[in-house]
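Please open the model in your viewer and keep the selection tool at hand. The tour below goes from one stop to the next, saying what to select and what is there.

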Amino acid sequence: MKNTGQRLRSIGRRGDRPRPQPPAGSAANGSTASWLRECRPGWALPGKFHSDEEIYRADLDRIWRRGWLFAGHSCELSKPGDYFTLQVAADPLIVLRGPAGTIHCLHNVCRHRGSPICNDAAGHVSRLVCPYHQWAYGLDGALLSCRGMHDLDKSQLGLKRVHVREAAGLIFLSLAVDPPSFEPAHELLAPLAQPQGLQRAKVAQAVDYLVRANWKLVWENNRECYHCNLNHPQYIKANFDHFNADDTTPRIRKEISRVVARSEKKWQATGLAPTHTQTGMTKFPDAENNIWFSGNRTPLVDGYVSESMDGQRVGPLMGDYSDADVGTMRIRTLPNFWNHSSCDHAVSTRLLPVGPQLTALRVWWLVDAKAVEGRDYQLDKLMPFWQLTSEQDWEICERQQRGVNSSAFTPGPYSTVKEYNVDSFVRWYLKMLAKQK
Amino acid sequence: MKNTGQRLRSIGRRGDRPRPQPPAGSAANGSTASWLRECRPGWALPGKFHSDEEIYRADLDRIWRRGWLFAGHSCELSKPGDYFTLQVAADPLIVLRGPAGTIHCLHNVCRHRGSPICNDAAGHVSRLVCPYHQWAYGLDGALLSCRGMHDLDKSQLGLKRVHVREAAGLIFLSLAVDPPSFEPAHELLAPLAQPQGLQRAKVAQAVDYLVRANWKLVWENNRECYHCNLNHPQYIKANFDHFNADDTTPRIRKEISRVVARSEKKWQATGLAPTHTQTGMTKFPDAENNIWFSGNRTPLVDGYVSESMDGQRVGPLMGDYSDADVGTMRIRTLPNFWNHSSCDHAVSTRLLPVGPQLTALRVWWLVDAKAVEGRDYQLDKLMPFWQLTSEQDWEICERQQRGVNSSAFTPGPYSTVKEYNVDSFVRWYLKMLAKQK
Amino acid sequence: MKNTGQRLRSIGRRGDRPRPQPPAGSAANGSTASWLRECRPGWALPGKFHSDEEIYRADLDRIWRRGWLFAGHSCELSKPGDYFTLQVAADPLIVLRGPAGTIHCLHNVCRHRGSPICNDAAGHVSRLVCPYHQWAYGLDGALLSCRGMHDLDKSQLGLKRVHVREAAGLIFLSLAVDPPSFEPAHELLAPLAQPQGLQRAKVAQAVDYLVRANWKLVWENNRECYHCNLNHPQYIKANFDHFNADDTTPRIRKEISRVVARSEKKWQATGLAPTHTQTGMTKFPDAENNIWFSGNRTPLVDGYVSESMDGQRVGPLMGDYSDADVGTMRIRTLPNFWNHSSCDHAVSTRLLPVGPQLTALRVWWLVDAKAVEGRDYQLDKLMPFWQLTSEQDWEICERQQRGVNSSAFTPGPYSTVKEYNVDSFVRWYLKMLAKQK
C-alpha cells in the first residue's frame, strides 16, 4: 500500500483542531423547529445552516453520530494487526483487522487517562499499547494489562467499540449506540461492487484535503452536474451526467442508447450491464424513504473505457473483469462517501466534518493488488482525471461558503430539472435533523 | 493601473475568514445602555469595546451597515466592465462601471446558491457570470439568463444592489436600505478634491495589511498627533500637525503664518489657499452635529512641496495644479477613509472590519494617469513616506490592542489639548451606537 | 545572560492571541457545583475541564489570579533598570529591579490608553516610558510625567502594581488584591535553594514552547513517573522516581539505601543531605492542607553527579557546593513552576495559560555566573537531558488533549501506588476551584 505521499491542500488553518462539542441533545430541539421554519421547499438552505455552531452540533448528533460512515477499504488492512486511524469531528478512531480477520473499530482513547493509542495514520500492531502508561488492549479492544493498577475490573475498561460493517471491501462504521440496519445497503452494494475486486485491491495513492466549507455544501455540489459544463472539462468528455432532460439532444439520446445497448448485449448474462441507462444523474438520495445509499453501473461515452484523461486504460483490469468495456460502477452513501470505479481503477472520496466551515476530504486511487507502479500504472496517468475534478469542486465549495456567509445571502431556487438531487439531499438532511431520536 | 504587487503584512491569522454575524438587532439594545453606562466622558473606551463579539456586531449594524463607506477610486474603473471587489465584514461586494459609465455596487453573491460571481481582486467583464452554474447578470445586476431554470420571475432575482456615490473620483457605498444623505459630504468634498484630478489618476501601487486591532483603535490613533514626535520621524518633518496649542512656540507660530500667508497670496483666486491655517489637527469629527466627513487644504513645512522623504516632488504634477506649492489636501470620512494628497501624488487609506480584533487596511498611492513608472516616478521615492508612517501606526495599534485586552486595563483620560479629536471620535461613535434606528 | 536564542516550538496556532476573558465571578458559582458533581474521587477529570471556556475562566480567576506564580529568576535582573516581561492569560506584566535593588512587578499597561510600555522580552530602562505618548513612570510604577495632560492627579495614575516576592533567586508574583501568605513557602524554599546560588547564576539558555494542551494536563503529566519507563529513556537512567512501591526490587532498594547513606554521611553537617530518601516521587501537593509548594534534596543514581546525558558534570560547580556529589535539589510550586538543580546547573520550567487548550512553557538552563560558554560549558552537553525530557512530555500532553476531547472519553482510575500525586493535584485543583473567595 502506497499511502504515504499524502498531500494536504490546506485551505483552512492547518493547525485547526476541532473543539469538543457538547451534544446538542434535547435542549436544541426547540431550536430545530425554528430552523426548519426558515427553510423553503425547493430552495437552498439559509446561510446559517453552513456556519452556525449549534446547527453544526445538531448535524453531528443527528447525522454523523447516527448513521453509517465510510471509513476506508478493507484492502488497507491486509493482515491481522494492520490498522488505520481517522477522526470524526473530535472523535479519534482506530479501524483494524483482528486475529481472525474480523475488522474492528475502536475509539482511539485510552480508558485510563484518555491518550490516543495509535498516533499514526496507519500501521501494524500486535496489541494496542497506550504510549502514555502502556495499558495494553487486545485487537478487539479488551483490556489485557495495566501495570500498577490494583482492584480493577478490567472487563469494564476495554476500548469503546464502534459498530463496523464491510460491503465488498468498503468499511463502514457507526458511532450510534443502536445504529440503523446496514443490511439494505449491504444487499444492494455488495453484489454490485463484487466484480470490482476492491477487497483485493491496493491503494496506489491517497490525497488529503482540508476544505473550508460546510460538509453540506460539498454534498450539494456533488449532487448535480449542472455545474459540470464549464467547471469540469475533463469529466464531461467521459460522461453523460451533465446532459439533463432539458439539454439532451436527439444526437446525445442516440449516442447513449447505442452505448447502453452494446453493453447490455455484452454483459446481461454476467450482471455487468448498465443499471443507469439514461443521461443525467441517477436519483439519490431518496428522502421520503430515507435511502442513504445507492449504486449503479453507468456507461461511459464511446471511446472511453476508463475515467482517465484520454479515456484509455491506466492500469491492468481489476477484479473479475475480463474486458475493459464495463462502463463505471458508482456508489454513494450519506453522509460521507462516493466512489467511481472503472475497469482498471477505483476512486473513493470520504468526507469528515472538522468544523461548521471546515471539512476534511480524502481521495483514494485503487488499482489491482498485483499492479506495480512504473510497470503497470503511472500515477501521472492514473490520478489527474479525478484529482482535477475533485479540486475543481473544492474550490467551488470554498467560494460558495464565502458567499453564503454574506449577510445579504438569501437562498435561491433549485432547478427541478437539473438540481433534483440537491433538493433531495436537502430534504433528506432536514428530515434527519428533525428526528428527535 | 498597477495594483497587482500587493503585499499582505499579515500579523493576524492569515487564513482568518470572518464568521457570518447574526445581526445585533433589537435584542442587543438592552446591552447598549449597559455598555454606555461603563463609559466616562473624556476618557478612553473600556477594553471590551475592542474585543467583545456582541459590541463588534453592534458596530457592524449601527455604523458599518448604516453609513457611507469608502470603496475605492473611480480611476480604478477606467472603462465600462471594469470592476474591483472588496469585503465588508462577511459581505463580499463588487464595484463596477456600467455601460453608460455609471458606477454600480452589487452584493457579490449569486441569487441562485450564493457563490460569489467575481473571485478576483479586480478585472473586466462584459456580463457578470456566476462561475458555478453560469447564471448571467447585467452590469447593473439584473438577471439576464439562468439556464435550466423554469417558471422563474427573473425580475426578483437580480444581484442585490448597494447604494453608491462618487465625489471627485472617490467611490463611497452604503449597505443601508435607506442611507443618510450623501449630499452634504459631496458638497464639501467634490470641489475641494476637484483640482487634485483623482478621477483621471492612476494607481501606482496598493498595499494590503491585516492589522490585529479593533477598527476603533486605528481611528483613535489617526485622530491625534500626540504620538507623532517619537513615532513618526518622517511625518513631523513635513507637517505642523504635532504642534498643539500647548507646544506651539512663537518660532513655529511665525513659521506657519509665513507659509500660510505665502500660499494665500498665491492661491486665493484659484481656490487653492489653505483652509486649515493653524498648527495642530483640524477638528474632526463633529459628534454633536454628526459630521462624519471633512476636508481641508493644509500648508506643508517650508522646503516641502510633497509628503515625501526629502520634501521634493516624486512625480509629475497632478490634476489642475500648475505649481508644486499647493500644500496638502486632506480628506477623512467615518468610519473608514482618509486621504493625504500632495501636488504630485495622493495616498488613500481604507479600513474594513474583519473581526473584533482584526482590521483589513489598504493603502493606495495614486499619481497622474500619464505618469510612467521608471520615467516619471519611482516607487522607492513615492512610497516610503506614507508606507513608513502607516506601518508605524499599525504596530502601535497592535500593541495597544494587547494592552486593552488586559484584565488590569482601566481607561485613562484624554488630553483636552492634544486628543480633542479622539474624544470627538469616541463621542461620535457612542452616539451612533446608541441610535436604535 | 544569553536569553536571546529562544525557540518557539509552536504546535498551536502561532498567531494565537488570548482573548480577554470576562471574570467568571459569582455568576459562575452555580456552574461550579455542577462541575464538581461530575468528578469522581480517585478518577481523572471529565474532558470538559480541559476544553470548556467557562471552566478555563474559573481556573484563571480562582487559581491563576489568586495564588503565587513563578515569574523568573532574580539573576535575570542583575542591575537596577533591568526588566523582563511575561503574560499571564491576557495580562502583560513587567518584572524589574528598582534603583534600591528591590524587585517590582507592574501591569505592563499604560494608564493613559493602555499600550504596553515594554514591548521586548527583556531589556534595560532608566524610566518606564510608554512608546505611544511618552507617559513616563518610575521603576516603581509611579507616574512621573505626562506631557500635554492638565489637571491630572498623577498619584492616581501609576502603573498598577502586582505583589512580588523572592526566595533564594526565584521570583514569584501574585495578581490577587490580597494574596495568601508567601511566608511558609519562603521558609521552606529559601534555605533549601540557598546553596544552589541561583541569585548569582546566569541563564545559559531559555526555550519557549507553545503546547496545545490545557495547563492541568501538563501538571498531571508532571505529577507521576508512571509514564517514565518508555517515554523518558534519559531521565530514568539518572533517577529513582519511576520505581514506585510496587516495582522497587530489593536490588533497587539496596542501591538507593547505599546512595542515601553515602550522601547523609558526607553532608549531614552542611545541610545538604537528602530529604527524599526513597524511590518514587515525593508526595505533592497536599490538597488537604493546601500546600502548594515543596522542595527536597534527592539522590541520583550511582555514577550520576548531574542530570546530564552521561551523568557527568556539564559545567562548574554552582553556588556553595564544594563537591559534585550533592544529588539534585527539586522545587515545585503550584500552579506554574518546577526546578531540578544539579551540582553544576539548574533547570527551571514555567507554565503560563494561553487558552483552554493552549499553554506557554518556558524552560531555562542556569549555570554559575562566572561560567563562560565554550570554555566552561557547552550548550549541547548542558541542554539535552531536560530538553528531551521536556519535549517528550509536551508531545504526550498534546496527544492526551486530543483524546480527552473525544465525545467518547470517560475518565479512568488513577493508580493509588503510581499516581497518588496526580490524584492529589486533582483534589487540590478542585478544592481551589470550589473556593468562592
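A salt bridge, as the term is used here, is a side-chain nitrogen of Lys or Arg within 4 Å of a carboxyl oxygen of Asp or Glu. With that in mind, and remembering that this is a predicted model, select Asp247(B) together with Arg147(C), which form a salt bridge whose closest N and O atoms are 3.6 Å apart. The count between chain C and chain B is 3 salt bridges, and the side of chain C that touches chain B is made up of 13 nonpolar, 11 polar and 10 charged residues.

Next, widen the selection to the whole contact, to which chain C gives 34 residues and chain B gives 40 residues. The area buried between chain C and chain B is about 3,100 Å², with carbon and sulfur atoms giving 47% of that area. Only 6% of the interface residues of chain C are also interface residues in chain B, so the copies meet through different surfaces.

Now show chain B and chain C in full: a turn of 120 degrees, with a shift of 0.1 Å along the axis, lays chain C on chain B with an RMSD of 0.1 Å. That is the relation of a three-fold axis.

For the last stop, select Ser348(B), which is found in strand S16 (residues 346–355) of chain B. Is Ser348(B) buried or exposed? Ser348(B) counts as buried, because its relative accessibility is 0%. The side chain of Ser348(B) is joined to that of Asn339(B) by a polar contact of 2.9 Å, and the residues that Ser348(B) touches include His73(B), Phe337(B) and Trp364(B).

Technical notes:
Residues are numbered from 1 along each chain as its sequence is written. Chains are lettered from A and ligands numbered from 1 in the order in which they are written. This is a predicted model: local features need pLDDT of at least 70, side-chain atom pairs count only at pLDDT 80 or more; totals for chains, interfaces and linings use all residues. Side-chain values use heavy atoms; hydrogens and water are left out. Copies are superposed by least squares on the C-alpha atoms of residues with pLDDT of at least 70 in both. Contact means heavy atoms within 4.5 Å. Buried area is the accessible area (1.4 Å probe) that two parts lose on being put together, summed over both. Ala, Val, Leu, Ile, Met, Phe, Trp, Tyr, Cys and Pro count as nonpolar, Asp, Glu, Lys and Arg as charged, and the others, Gly among them, as polar. Helices (H or I, at least four residues) and strands (E, at least two) are DSSP runs, numbered from the N terminus. Buried means under 20% relative accessible area, exposed over 50%, partly exposed in between (1.4 Å probe, protein chains only). A polar contact is a pair of N or O atoms within 3.5 Å; within protein, one must be able to donate a hydrogen and the other to accept it, and residues adjacent in sequence count only if both atoms are side-chain atoms. Lists of a residue's contacts leave out its neighbours within four places in sequence.
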